[in-house]
Amino acid sequence: YLDQGGAPSIAYGIGVDRSGAVLVFNDPGVTTWHCFPLGTVIGGCTPFIVGTVQPDTLVGHDGAVHTVSRCFEREYDGDLVEIHIAGTLPLRVTPEHQILVARPYRTRSGKKIQLGVRPWFPALKRFKPVPEWVEACSISEGDYVLSPTFLSNMAPQDIAESTDPRTAPMDLRASPETAWLIGLYAGDGYDHSGGGVGFVLSDVETESRAIAALRSLGSSPRVIERTDTYARIMASSVILSRSFRAWCGATAPTKRLPEFVFNGEWDLGLVLDGLIAADGYTSKDGARILDSTSITLAYQAWHIAVTLGCRPTITGPHIPGPSGYANGKPTYRVRIARDGARWSRGQRVGEYYAMPVLSISHPSYAGPVFNFEVSDANSYIANGVAVHNCDGGFNSYTYGIAFQGGHASGRAGSL
């Protein structure tokens, strides 16, 4: 290609940013971005599948929200590093991508001592794991990947999406009743066709609490169906229907918690209680279980549990068996253990939730991969794990070259 001064130059790699502009790599040592393939879950407050959204903000390794300056996409054909983790879904990434890791104590023979093990010799008593950025290809079994333990949107509550009172959601303020009700609706609520919201609840206590919460919003809920195993509650209200649909989504696979519940004013414990009351249960060993067809909602519950000091795990997708519902969809299971539960392998390392690496594999992959450039923190969250953002690697003066009609031209030069 011709550079800014018109001189011929060699491009060692080419990519496209979110605006469609071509980025040219001039350093032969850096010809690609470090990226994630399709299927990776990005975010924090409102997680999303990479490739489906071009975000304006992302949560960094510090648990705070930061501006996304650029989104990148390119084609990739080669091996990935697939990291199998106790606590979250497997993470697939290009080999050079940096991940936040805490490495356990190693004995002289090279044996790794798991974090949280009671020290029995002086060196282990003095050992303090230190978070460090490590390339995916250098991570090994027994290392720990890290997730921030504090998740906050750090933004003022802005519920209304329209200034038109006929289309704007209602004005909802944080309270114990509304926090629990938001979780309940995200877990199992639905938009009633006649204009209202409905719930199908299986125990009297949850039924009474839902009715009281709906009444606190000025509605008049009623039981429209009752059987030996459940009660169907409906609150007729167009604004309630419009509001909850805007906040939490309309269908089970798209359900989510609204971002405003992460702004620091809402009791996340009560939000999680509502989710469990709607679509979960408590197991015999005391763990709380949530099953959801929405991977966004599942990861929101997972992040809330981490923020509350619990030790969650997420698994899936679980495919319904022959005995399940005919229209059953794959589900994701979040298992939330109390801090100190014996079966949970997650540990606390300073301000992070540390999850042990179980194994590493190297699957081949051909298709699009993605990355983001994040201001300030230079990091974001992928499958619950803190990862570094794009390190650049392109010549800045070629930024702005864009494909037009099948040809490349622009302010900075031409291809």
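The largest nonpolar core of this predicted model has 91 residues, and those with the most contacts inside it are Ile-99, Ile-182, Phe-244, Leu-257 and Phe-372. Helix α6 gives the most to this core, with nine residues. Around Ile-99 the surroundings can be followed in detail: leaving aside residues up to four places away in sequence, Ile-99 touches Ile-83, Leu-91 and Val-93, then Glu-132, Trp-133, Val-134, Ala-136, Ile-139 and Val-145, and finally Val-385, Ala-386 and Val-387. Apart from the core of 91 residues lies another core, of five residues, among which are Cys-35, Tyr-76, Tyr-365 and Val-369.

Helix α6, already met as a contributor to the core, spans residues 295-307 and lies across β20, β21 and β22, running at about 165° to β21. These strands belong to an open sheet of four strands, whose order is β19-β20-β22-β21 and whose pairing is antiparallel. Because β19 (280-282) and β21 (311-318) stand at the edges of the sheet, each with a single partner strand, one side of each is left without a neighbour there. Neighbouring strands of this sheet are turned against each other by 15° on average, with direction ignored.

Within the sheet, β20 (residues 288-292) and β22 (residues 331-337) run antiparallel and are joined by five bridges, and one point of reference in this pairing is Arg-288, which stands opposite Ile-336 in β22. Helix α5 (residues 268-279) also packs on the sheet, where it touches β19, β20 and β22, and the direction of α5 makes about 70° with that of β20. As background to reading any such sheet, in a regular strand the side chains alternate between the two faces of the sheet.

Another part of the structure to follow is strand β16, and here one may ask how many of its six residues are buried. Five of the six residues of β16 (residues 196-201) are buried, that is, under 20% relative accessible area, so the strand is largely enclosed by the rest of the structure. The strand has pairing partners that can be traced one by one. Strand β15 (residues 190-192) runs antiparallel to β16 and is joined to it by three bridges, whereas β16 and strand β18 (residues 231-236) pair in the antiparallel sense over six bridges. Gly-196 serves as a landmark for both pairings, since His-192 stands opposite Gly-196, while the bridge partner of Gly-196 in β18 is Ser-236.

Notes: Residues are numbered from 1 along each chain as its sequence is written. This is a predicted model: local features need pLDDT of at least 70, side-chain atom pairs count only at pLDDT 80 or more; totals for chains, interfaces and linings use all residues. Side-chain values use heavy atoms; hydrogens and water are left out. Buried means under 20% relative accessible area, exposed over 50%, partly exposed in between (1.4 Å probe, protein chains only). Helices (H or I, at least four residues) and strands (E, at least two) are DSSP runs, numbered from the N terminus. Two strands pair if DSSP finds at least two bridges between them. Axes are lines fitted to C-alpha atoms, for helices over the stretch in contact, and angles run from 0 to 180 degrees between N-to-C directions. Contact means heavy atoms within 4.5 Å. A nonpolar core is a set of buried Ala, Val, Leu, Ile, Met, Phe, Trp, Tyr and Cys residues joined through side-chain atoms within 4.5 Å.
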